[in-house]
Amino acid sequence: MEFLARLLHLQPQTFWMIAKVIIVFAGPLTLAAILTWVERRGSAMIQDRIGPNRALLFGRWRLLGLPQLAADGIKFFLKEDLVTTDANKLLFWLAPFMAFVPAMMGFAVIPFGRALVSGGQTYHMSLLEPGNGMGMLYPLAIGSVAVYGILTAAWSSNNKWSILGGMRASAQMVSYELAMSLAVVAIFLRTGGYDPHEIINHQAVIWNVVPQFFGFLVFFVCMFAETNRLPFDFAEGESEIVAGFHTEYGSMKFALLQLSEYVHIVTAAALIVTLYFGGWQVPFVAAPSVSLSIAAFVLKLVFFCWVFIWIRWTVPRFRFDQLMFMGWKVMLPLSLGNLMVQAFLMYRRG
C-alpha cells in the first residue's frame, strides 16, 4: 500500500480512499455491463437458442458474443435522441439520472473484503468506514429513493402506458418495503447492531440464513420487487403496457435506465450476501487472507446475480392482484412472525 502511494506521491490514506471510490463505483458498473451479456447468453441457453453471435471483435473473433456489449454501447451513443412533443423535457432528461445515481450509491457501505493492516494502519474494504452511524440503513434508504426516478420518467413522458408503469412501481415498492424492512430488523436484533461490519463478524460461526431462513426468504423475494425483475417487473410489463415507464425513452437515456436496473441487481446481491451469507467470510476458514476474503465475496455476489437472471427466464410474471396479495398477506405476516420469533429467542437467552 505504502509503495503504491509513494509511486503516486500520495499519502497511503489518500491513495486508499481514491482506490476505494474507483472500486466501489467502477466495480458494480462493470459487472452490470457484463450482466447484460450474461442475461442474453443465459436466456439463450435456457431457451435453447444461439444468443448474441453476430458482432465480431476486429471482424474476426466472436468471443461468445462479448463484442455485442461494445456494439450496443456504440449504438446507444449514436442513436437519435427523440423527445415527444408533450413531454416535460426537463424532468424527462433528469429522470434517468434520478434512477441511475441512487443505484450507484447503494454499494458504498458494503464491505467487500477483510480489513487490510499495513504499516500499522488498518484499511477497511468499504467506502464508508465502520461506525459511520448509517450502517445498513443507508443502502435501504438510498434504494427506496430510486423509485422517484421511475415515477419521474413515467409522469414526464405524458404517456398512459408510462403512467401505469409508474403507478405500478410505486404500489409495488410500498407493498414490499415494509416486509423487507422487518426482515432486516430481525438481523439487527440478532446482531445487536446495524453496522455491516458487525453483521459480517457475527456470522463467523453460522450464517444468518440458517437461523433466519424465513427472513431470508422474505428479503430475497422483496429484492425482486425492489429491482423490478421478473416475476415482479410490473413497471415494464411488455405484454401488458408496452414498456411501461420507459416506453418513450431511447438512446443513452434508455441505456441509463437499463443500466440502473442491473446495478440494482448487483447491490441487491451484495445485500443478500452481507446480511445472510456471511459477507466475505469463508466457510471453515476462521481468518481468511484479504485476497481470499475478497474472492469469496465476489464469488457469492456473482452467484446471486446469476440467480436473478436465472429466475427471470424461468418463472412467469404474476398478475398484479397476485403481487398485492403476496406482499400484504404472505410476505408481511411471514416477516412479522420471523421478527417475533427472533425477539422471543433473544428474550429466552437473556
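Which residues does Tyr-276 touch, not counting residues up to four places away in sequence? The legends below, which describe close-up views of a predicted model, begin with this residue.

**Figure 1. Surroundings of Tyr-276 and the largest nonpolar core.** Leaving out residues up to four places away in sequence, Tyr-276 touches Ala-183, Ile-187, Gln-203, Trp-207, Asn-208, Val-209, Gln-212, Gly-215, Phe-216 and Phe-219. The largest nonpolar core holds 70 residues, and Tyr-276 is one of the six that touch the most other members, together with Tyr-176, Phe-219, Phe-232, Ile-272 and Phe-297. Helix 10 gives the most to this core, contributing 13 residues. A second core of 14 residues is separate and includes Phe-92, Ala-95, Ala-169 and Tyr-249.

**Figure 2. Helix 10 and the residue that follows it.** Helix 10 spans residues 251-276. Its 26 residues reach 38 Å from the first C-alpha to the last, close to the 38 Å expected at 1.5 Å a residue. The helix is mostly covered, with 22 of its 26 residues buried. Gly-278 follows helix 10 and has a positive phi, near 75°.

**Figure 3. His-264 within helix 10.** His-264 lies in helix 10 and counts as buried because its relative accessibility is 17%, below the limit of 20%. Not counting residues up to four places away in sequence, His-264 touches Ala-99, Ala-103, Gly-143, Ala-146 and Thr-227. Two of these partners, Ala-99 and Ala-103, are among the buried residues of helix 4, the subject of the next view.

**Figure 4. Helix 4 and its bend at Ala-95.** Helix 4 comprises residues 89-105, 17 in number, and reaches 25 Å between its first and last C-alpha, close to the 24 Å expected at 1.5 Å a residue. The helix bends by about 25° at Ala-95, and a proline, Pro-96, follows within four residues. Both Ala-95 and Pro-96 are buried, as are Phe-92, Ala-99, Phe-100, Pro-102, Ala-103 and Met-104. The cover over the buried residues of helix 4 includes helix 2 (12-46), helix 5 (137-157) and helix 10 (251-276). Phe-92 and Ala-95 also belong to the second nonpolar core.

**Figure 5. Helix 6 from its start to the residue just after it.** Helix 6 (residues 160-191) has 32 residues and reaches 46 Å from its first C-alpha to its last, close to the 46 Å expected at 1.5 Å a residue. At the start of the helix, a side-chain oxygen of Asn-159 comes to within 2.7 Å of the backbone nitrogen of Trp-161. A bend of about 30° occurs at Glu-177. Just after helix 6, Gly-192 takes a positive phi of about 85°.

**Figure 6. Asn-338 in helix 12.** Asn-338 is placed in helix 12 (residues 320-349) and counts as buried because its relative accessibility is 8%. Apart from its neighbours within four places in sequence, Asn-338 is in contact with Ala-186, Gln-212 and Gly-215. Of these, Gln-212 and Gly-215 are also touched by Tyr-276. Asn-338 and Phe-213 are 125 residues apart in sequence, yet their C-alpha atoms are 8.9 Å apart in space.

**Figure 7. Two loop residues with positive phi.** Asp-48 has a positive phi of about 60° although it is not a glycine. This residue lies in the loop between helix 2 and helix 3 (67-78) and counts as exposed, at 72% relative accessibility. Phe-284, likewise a residue other than glycine, has a positive phi near 65°. Phe-284 is found in the loop between helix 10 and helix 11 (290-312). With a relative accessible area of 88%, Phe-284 is exposed.

**Figure 8. Cys-222 and Cys-305.** The structure holds zero disulfides. A disulfide is a covalent bond between the sulfur atoms of two cysteines. The cysteine sulfur closest to that of Cys-222 is in Cys-305, at 18 Å, and is therefore too far for a bond; the limit applied to a disulfide is 2.5 Å. For Cys-305, in turn, the closest cysteine sulfur is that of Cys-222. Both residues are buried: Cys-222 has a relative accessibility of 0%, and Cys-305 has a relative accessible area of 1%.

Technical notes
Residues numbered from 1 in each chain as written. Predicted model: local features only at pLDDT ≥ 70, side-chain atom pairs only at ≥ 80, totals over all residues. Heavy atoms only, no water. Expected span 1.5 Å × (residues − 1). Bend = angle between axes of the 7 residues up to and from the residue. Buried < 20%, exposed > 50% of the residue type's maximum accessible area, 1.4 Å probe, protein only. Contact = heavy atoms within 4.5 Å. Core = buried A, V, L, I, M, F, W, Y, C linked by side-chain atoms within 4.5 Å. Polar contact = N/O pair within 3.5 Å; in protein donor to acceptor, adjacent residues only side chain to side chain.
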